[in-house]
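Here is a friendly walk through one protein model, starting from a single residue and working outwards. Have the viewer open and follow along.

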Amino acid sequence: MTSLLVIIVLVLLAVALWQLTKIFDLTQVGVSSDDSQVASDNDNNVQGYIMFGFLAFIYIFTIYGLLKWGNLALHTPASEHGLLVDNLMNITWVLIFTVQVITQGLLYWFSFKNRGHKDRKALFFADSNKLEAIWSIIPSVVLACLILYGLYAWNNIMFVDKDEDVIEIELYAQQFKWTARYAGADNTLGKANVRLIEGVNTLGVDMSDKNSQDDIVVSELHIPKGKKVHFKMRSQDVLHSAYFPHFRAQMNCVPGMVTEFAFVPTYTTAEYRELPFMVEKVAHINKLRAEKSVELVQKGGTALDPYTFDYLLLCNKICGASHYNMQMKVVVDTPEDYKKWLSEKTTLAQDIKAAAAAEKPAEGTAPATDSAAKVIDTVKAVVDTVKAAVAKVAMK
Ligand SMILES: [Cu+2]
């Protein structure tokens, strides 16, 4: 508190001093001809060169950033449409870079070339139709091409033919986890409603719907390589966003509606781990982890586990305190492994049955809680006897 008061006093003193100098300046009007507020040719030259310096800073920092952090960007896409998305992204980058380099260069060059000079006067003109046409038409054409290509890519990615053989999977988002539901043998997801959430039926699947009977609910997503997977997203609480960075896929999960996205994985997890860039990346991460582990062990902590690559499904909407940790492991299997994995899973109907059976005590065996209940009954009986005895004594 004292330091705050000292700061306030110092600020007020500075303001008072500044006001005093202003008053002093006013008393000097007409006495001296101080023109220090007007830029001299020397000032203008200095400003011009500083501008060039800033331009150089922008260019050098951009190049430095690209060299230093360029390798952190996502590499080879792991889905069929990923190449299209990356292509669109690269074209956009090239355009932005070219336009940025030219416009920034011109901006600073003209600022320098036409820097202030006491003999030079600014030219004023209200408008130029030719100039207006040039700077309106060129960006419009470039943007229209970019948007058209984007629309073409988007439609290509989002189109799922009704007759196409796809795997239907539901992704269910909630604060802060993902759950997946497979459509089962009929490849049709049963209906679901948030009001039907109960016990093990955490997704509110409508078990009266015949399509729900073979649905399988899991917490780790397995998908087969080379097969189109059609995801249907739902959210239980707030806006989430299903983001598969390696597959270049992202779609918002909105409470109260079903959104969708489909893609074809092109590398199994094992294959993606073997890609040279990934081998290099993982080796680099593990080198950093090993260095950190030495430090941790010296401080009495435990060493870090080595990192292995896995595809991830992340949430890309800030949906609450633990949003950063809302993720699900995604495994791309060979079609055979995928089939085997799925066949080992129990259906939700079976899970619900098992949960109901576990609730009912099996005949002939006393549940573990019985002994505790017996002890409580005995204690109650003793207390009652004592109470009755005390009452009798009191009556006498
Ligand atoms: Cu989220």
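## A glycine in a helix

Let's begin with Gly53, which sits in helix α2. Keep in mind throughout that this is a predicted model. Is Gly53 buried or exposed? Gly53 has 10 C-beta neighbours inside 10 Å, and because a residue with 12 or fewer counts as exposed, Gly53 falls in the exposed class.

Gly53 also gives us a pointer to another part of the chain. Tyr108 is 55 residues away from Gly53 in sequence, yet their C-alpha atoms are 9.6 Å apart in space. Tyr108 belongs to helix α3, and is one of the residues there that meet α2.

## How α2 and α3 pack

Helix α2 covers residues 41-69 and helix α3 covers residues 82-113; their axes come within 9 Å of each other and cross at roughly 165°. Angles over 145 degrees count as roughly antiparallel, and α2 and α3 are therefore placed in that class. The crossing of the two helices is left-handed.

Which residues of α2 and α3 meet? On the α2 side they are Gly48, Met51, Phe52, Leu55 and Ile58, and on the α3 side Gln104, Gly105, Tyr108, Ser111 and Phe112. Sorted by character, the residues of this contact comprise 6 nonpolar and 4 polar, with no charged ones.

## Strand β1 and its partners

Now move to strand β1, residues 167-174. Of its 8 residues, 6 are buried, so β1 is largely enclosed by the rest of the structure. Strands of a sheet pair through backbone hydrogen bonds, and the pairing may be parallel or antiparallel.

With strand β5 (residues 229-235), β1 runs parallel, and 7 bridges join the two. Ile167 has Val229 as its bridge partner in β5, while Leu171 is matched with Met233. With strand β2 (residues 177-182), β1 runs antiparallel through 6 bridges. Here Ile169 stands opposite Tyr182, and β1 and β2 make a hairpin with 2 residues between them.

## The sheet as a whole

Stepping back, β1 belongs to an open sheet of 5 strands, ordered β3-β2-β1-β5-β8, with mixed pairing. Which strands stand at the edges? They are β3 (216-218) and β8 (259-263); each has a single partner strand, so one side of each is left without a neighbour in the sheet. From one strand to the next, the twist averages 25°.

## Asn252 and its surroundings

A further residue to look at is Asn252, found in strand β7, which spans residues 249-253. It has 17 C-beta neighbours inside 10 Å, and because a residue is buried at 20 or more and exposed at 12 or fewer, Asn252 counts as partly exposed.

What does Asn252 touch, leaving aside residues up to four places away in sequence? Its contacts are Leu239, Ser241, Thr259 and Lys317. In addition, Arg234 lies 18 residues from Asn252 in sequence, with a C-alpha to C-alpha separation of 9.0 Å.

## The whole chain

Finally, some totals. The protein chain holds 9 helices and 10 strands. It has 396 residues, of which 16% count as buried. Taking the contacts between residues at least 6 apart in sequence, 67% join residues at least 24 apart.

Key. Residues are numbered from 1 along each chain as its sequence is written. This is a predicted model: local features need pLDDT of at least 70, side-chain atom pairs count only at pLDDT 80 or more; totals for chains, interfaces and linings use all residues. Helices (H or I, at least four residues) and strands (E, at least two) are DSSP runs, numbered from the N terminus. Two residues are in contact if their C-beta atoms, placed from the backbone, lie within 7 Å. Axes are lines fitted to C-alpha atoms, for helices over the stretch in contact, and angles run from 0 to 180 degrees between N-to-C directions. Angles under 35 degrees count as roughly parallel, over 145 as roughly antiparallel, 65 to 115 as roughly perpendicular and the rest as oblique. A crossing is left-handed if the near helix is turned anticlockwise from the far one by less than a right angle, and right-handed if clockwise. Ala, Val, Leu, Ile, Met, Phe, Trp, Tyr, Cys and Pro count as nonpolar, Asp, Glu, Lys and Arg as charged, and the others, Gly among them, as polar. Two strands pair if DSSP finds at least two bridges between them.
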